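Hi everyone, thanks for coming. Please have a look at the screen while I bring up the structure, and stop me whenever a word is unfamiliar.

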Amino acid sequence: MFSAISESSARRRGAARLAAAVLASGLVALTSLTGAGTAVADDGSQHQGGAAATLDGLKTYGEAVLHADGKDQQLPAGLFEMTVDGGGKLKTYCIDIHNPTQDQAKYRETPWDETSLGANEDAGRIRWILEHSYPQIDDLAALAETAGTGPLTEKTAAAGTQVAIWRYSDGADVDASDPAAEKLADWLEKSARDSAEPKASLTLEPGVVSGRAGERLGPVTVRTDAAGVTVTPPADAAASGIRITDRAGAPVTTAADGTELYFDVPEDAADGTASLGVQATTSVPVGRAFAGVTRSQTQILAGSSDSTVSATATANWATGGPIPAVTARKNCAESGVDVTAVNAGDEPFVFEIAGEEHSVEPGGTTTVVVPVGEDETYGITVTGSGGFSKTFDGVLDCVTTGDSEIVTQRASGQPLPASAGGSSTDTMGTAGVTGSTTATGDLAETGSSAATPVIAGVAIALVLVGGGAVYFLRKKNDPSAGE
């Protein structure tokens, strides 16, 4: 229940934007081990589970004015929509005002500490705003009365909510253009209280286990806010004899929060690897962060339909020698990626990252922090004992960043997203491995670059030139052309 506040709201003015942390860049390698040198099929991500979605664009929005570097920039502010892989819709607000969106960008549910929220002491206040404003509060008359704003529409409610969020997520000096939206932003900003990070919709912990054939490998613990999840055994379970069981060895086909799963591997199984999957249909908790698979402004969840969420876990086994389980996780506090290797074998596991050798003793664990530049894509490849090979990739987006350039180019109707792949260019990192850096100067909410008209013009010219070349060649090869 809201309580009315009669006094005028004091506005935070975060004069300084957080600076990007610039560190050694790199496309580094890390490989996952399978027995007998077998390659592991892997999509290269470190997704720990939950919802995966595609950005559909900014759908419900009003106008705002950003004050930066002595200039004022008008920009749209409001709700984005995403389509969930497997079914479902999400509504999100931006928490990274100066970064661009990418057209049809892929997003994944992500823990706060792997985004800029991890180091933001006001992250909990952002969640409070989400829970006490539109669209969670869809009775706009009641919201307007509580906040003392005057009449609100969906557009002005979305704009006011986004402005309040930006003040906490980016320390932005920003106002809503509409008076009612501005009053809502002020009320939300002043009223916000700290709230805890919401739990993930669905994860498996840990994501990789290892051990000897003939044992039950695990446990892998289900963490979910769904009422229940279905458990899918390895694709070749019938042929390989591998079962997914509980600690006592009873088969498991459904699970709930806290359920422990095991890979029951036959004693005569050849050295190898297998994966299980879990899936559920649930509403993703408000306040969950969504990070782009490629560079695209980080989002925070404002509303969810019933959506498909999933997670996978992998087991590696062998009869002897090193038996590793290797994982990777973004480490925003250290501006890099943690690569962790666990060795369940009876011999040391020796692996290499970016030309540097590391070793894990039997029964031991080793974590290597791989430095990655802010806003840079990376690929982490590791080679190791027994023909081990696995690659992880992603983009490190841990800091809200800004640029002194003000963007004035906007598409009519709604913001024009940058093309997928964006404005990044390949460079050579300090460790001698390939990375990428992204050109600055875009505002996330406009989603457009000052170079957009030039790029469009060049693209059109190339299409015309290409079309002319095709026509000329066809004419030259056409006997009826008289040549």
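I'll talk about strands and how they pair, and then about one serine. Please keep in mind that this is a predicted model.

Let's begin with some background. Strands in a sheet pair through backbone hydrogen bonds, and the pairing can be parallel or antiparallel.

Now find strand 18, residues 336–343. Which strands does strand 18 pair with? One partner is strand 17, residues 324–331, and these two run antiparallel with 8 bridges between them. If you look across that pair, you'll see K330 facing V337 of strand 18. Strands 17 and 18 make a hairpin, with 4 residues linking them. In that turn, S335 has a positive phi of about 50°. The other partner is strand 21, residues 365–371, again antiparallel, with 7 bridges. Here D338 sits opposite V369 of strand 21.

Is strand 18 largely enclosed or open? Of its 8 residues, 7 are buried, so strand 18 is largely enclosed by the rest of the structure.

Next, an open sheet. Its 5 strands come in the order 7-16-13-9-11, with mixed pairing. The edges are strand 7 (208–212) and strand 11 (254–255), and each of them pairs on one side only. Strand 9, residues 229–232, is antiparallel to strand 11, and 2 bridges join them. There, T230 stands across from T254 in strand 11.

Finally, the serine I promised: S389 belongs to strand 23, residues 388–395. Its relative accessibility is 36%, so S389 counts as partly exposed. The C-alpha atoms of S389 and F351 lie 9.3 Å apart, while 38 residues separate the two along the chain.

Thanks, and I'm happy to take questions!

Key: Residues numbered from 1 in each chain as written. Predicted model: local features only at pLDDT ≥ 70, side-chain atom pairs only at ≥ 80, totals over all residues. Heavy atoms only, no water. Pairing = 2+ DSSP bridges. Buried < 20%, exposed > 50% of the residue type's maximum accessible area, 1.4 Å probe, protein only.
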